[in-house]
Amino acid sequence: MGWAIALHGGAGDIPADLPPERRQPREAALHRILQIGVSALNAKSSPLDVVELVVRELENCPHFNAGKGSVLTSNGTVEMEACIMDGNSKRCGAVSGVSTVVNPISLARQVMEKTPHIYLAFDGAEAFAREQGLETIDKSYFITTENIERLKQAKEANRVQQDYTQPIKPKDEKETPVPDGDSKLGTVGCVAVDSLGNLAAATSTGGLVNKMAGRIGDTPIIGAGTYANKFCAISATGRGEAIIRETVARDVAAVMEYKGLGLKEAADYIVHQVSPKGTTGLVAVSSKGEVAMPFNTTGMFRASATEDGFMEIAIWPSET
Amino acid sequence: MAGWAIAVHGGAGVDPNLPTERQEEAKQLLTRCLNLGIDALRSSISAIDVVELVVRELETDPLFNSGRGSALTENGTVEMEASIMDGSGRRCGAVSGLTTVKNPISLARLVMDKSPHSYLAFSGAEKFAKQMGVETVENDYFITQDNVEMLKLAKEADSIVFDYRIPKVGYESCGTGVQSPIHMNGLPISIYAPETVGCVVVDSEGRCAAATSTGGLLNKRMGRIGDSPLIGAGTYAGELCGVSCTGEGEAIIRGTLAREVGAVMEYKGLGLQDAVDFVIKERLDDGKAGLIAVSNTGEVAYGFNCVGMFRGCATENGFMEVGIWE
């Protein structure tokens, strides 16, 4: 069997009439970054190195909600989180509340490799970044005009949702439609497997538009947004609160292990039968080189390739 | 319909040389908290309310590592985290990096009930606490002399190879069978035992809930988050069960321990005790941890792979047990 790789730039309510100036740069980025991952796998880089490399590229690209181009908190600031996991050892690293580190995914990797811990957040994570000599930059670097606009629209449209005295029930979590349909984008991620069946997963995000400062989503929570073991590697995207509750990433792997389902079946089951509609998408690869990219949202920016030459880059559901 | 059931814990991994008075103190606290929960269940209070009120009691008491009495960070301060989950609907709330909130578990509950999110941390969580008007205090309220001493020992242990308090007499005549001092989280158990607290409940309607709260690892780096606030790792509740874990945080996270009990029940069809046993045996690798769990059919179970776990459990049909060792 050969290697396989899949990456995503976020699942959400991506309108079918997304204007070309919003669509083309992202498609081009997915294409370019997929090639970077493919080249690395062909050069026999480990899946752990590959997923970190690919996610760094996605973070550096301002068109996705991670690193530069992260969505803004209700204070107009950027608070990033990321997570990486190695399938064989189940070692993992996660960070939250990162505001000056150029590549949060690399910081997550340092947590995994240079500390006895898994998860560092906020000031502690920033201090650790400096200790490790990771590249940091002025906070304004991450902020794009697109996101300033998104925040403005979210504040205008979601004024009603700022009233927290009503308990939020699951069915109320479907947001009111916002004029800019792609303001619900979350997260970037990558999963990879090499020809020996070694697996790795990585996810990175700016979180939710207009989120409360200090809000942590599914991305850095092992088993929710990110997971890898010796069966498969998963990176999820969508409505963080739903992904946490459904322990999406772990459950795909659990269903494979405990019910003997193949990757596609397991991923489809979790995304289409279990997760509430409009909340979840994921990319997954298995130790056997299978790829799955199910989503129950309108669309998901995604790309995948396998060593035998298969390649796909898409946004909306593919016609089968 | 089966009756209610409740379990509480004060941490897995106990110093085998723990002085008897400390053991008694711990058992009394567990008994008191168990009875609080039992009274509430007899008054038909719902599972989610019961786990919160029991964990509040554990946080307020300085004995275990949560709320007042939390283990100290490397800077000698307290940074607390907690999570709560309501099995019916699987709503959840979690907090990390709290330094002034008197009862972290209640803030976690407010995150669940009164915010659009599931997890708030550090200054964002503290700000939310102010908005909600929860009781806050100065950080030194949480600090106890016991824990100040423990931090000193932990810092010393970082620089010495063995625990000097273990009597040298007898070592020379012992064979290679002598065990090295028990370590958890990289520290001798005589200095630091996790002592995270938690409670799981199934009420007489068959609804499960779980709650976990902790000061975290002794001498931890600022900003380090453990398993307790992570849904699926330290805490989980669904249709079938409610679970709260304690022990080596990193091992619990890696093993997604709390969710695992539920997953194994759901996907392998195991009963509660079998699920607990399976998870403890198969999902911890060389990590040390324990957990308590209840099922929607009124069962209660616990398991641990380390030396001791402070725990108590009770069911509606009159069963009650408080223990520390096997």
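1. A good place to start is Leu120(A), which stands opposite Arg224(B) in β9(B). This is a predicted model, so please read the points below with that in mind. The two strands concerned, β4(A) and β9(B) (residues 224–225), pair in the antiparallel sense over 2 bridges.

2. That pairing carries a sheet across the chain boundary. The open sheet has 9 strands in the order β12(A)-β11(A)-β1(A)-β5(A)-β6(A)-β2(A)-β3(A)-β4(A)-β9(B), and its pairing is mixed. Its edges are β12(A) (311–314) and β9 of chain B, each of which pairs on one side only.

3. Within this sheet, you may like to look at β2(A) (residues 80–86) and β6(A) (residues 199–205), which run antiparallel and are joined by 6 bridges. Here Asp86(A) stands opposite Ala200(A) in β6(A). Helix α3(A) (residues 104–114) lies across β2, β3 (92–98), β4 and β6 of chain A, and runs at about 130 degrees to β3(A). The helix therefore lies across β4(A) as well as the β2(A) and β6(A) strands, while β4(A) is also the strand that pairs with β9(B).

4. At the other end of the order, β11(A) (residues 299–306) and β12(A) run antiparallel with 4 bridges between them. Arg302(A) has Ala314(A) as its bridge partner in β12(A). The two strands form a hairpin with 4 residues between them, and Gly309(A) in the turn has a positive phi of about 105 degrees.

5. Now to the interface as a whole. How many residues does each chain bring to the contact? Chain A gives 47 residues and chain B gives 41 residues. The area buried between the chains is about 3,800 Å², with 60% coming from carbon and sulfur atoms. On the chain A side, Met212(A), Arg245(A) and Tyr258(A) lose the most area to chain B, together 17% of what that side buries.

6. The polar side of the interface deserves a look too. There are 19 residue pairs in polar contact between chain A and chain B, counting pairs with both residues at pLDDT 80 or more. The rule finds 5 salt bridges across the interface. A salt bridge joins the side chains of Arg259(B) and Asp251(A), at 2.6 Å from N to O.

7. Which elements of chain A give two or more residues to the side that touches chain B? They are β4 (119–121), α4 (122–131), α6 (240–245), α7 (248–259) and α8 (263–274) of chain A. The largest share, 7 residues, comes from α7(A). By class, this side has 25 nonpolar, 9 polar and 13 charged residues.

8. Chain B also has an open sheet of 4 strands, ordered β10-β11-β12-β13 with antiparallel pairing. The edge strands are β10(B) (235–237) and β13(B) (300–304), each pairing on one side only. From one strand to the next, the twist averages 10 degrees. Between β10(B) and β11(B) (residues 241–247), which run antiparallel, there are 3 bridges, and Thr235(B) has Ser244(B) as its bridge partner in β11(B).

9. Finally, two helices of chain B lie across strands of this sheet. Helix α7(B) (residues 257–268) lies across β10, β11 and β12 (289–295) of chain B, at about 145 degrees to β11(B). Helix α8(B) (residues 272–282) lies across β11, β12 and β13 of chain B, at about 15 degrees to β13(B).

Methods. Residues are numbered from 1 along each chain as its sequence is written. Chains are lettered from A and ligands numbered from 1 in the order in which they are written. This is a predicted model: local features need pLDDT of at least 70, side-chain atom pairs count only at pLDDT 80 or more; totals for chains, interfaces and linings use all residues. Side-chain values use heavy atoms; hydrogens and water are left out. Contact means heavy atoms within 4.5 Å. Buried area is the accessible area (1.4 Å probe) that two parts lose on being put together, summed over both. A salt bridge is a side-chain nitrogen of Lys or Arg within 4 Å of a carboxyl oxygen of Asp or Glu. A polar contact is a pair of N or O atoms within 3.5 Å; within protein, one must be able to donate a hydrogen and the other to accept it, and residues adjacent in sequence count only if both atoms are side-chain atoms. Ala, Val, Leu, Ile, Met, Phe, Trp, Tyr, Cys and Pro count as nonpolar, Asp, Glu, Lys and Arg as charged, and the others, Gly among them, as polar. Two strands pair if DSSP finds at least two bridges between them. Axes are lines fitted to C-alpha atoms, for helices over the stretch in contact, and angles run from 0 to 180 degrees between N-to-C directions.
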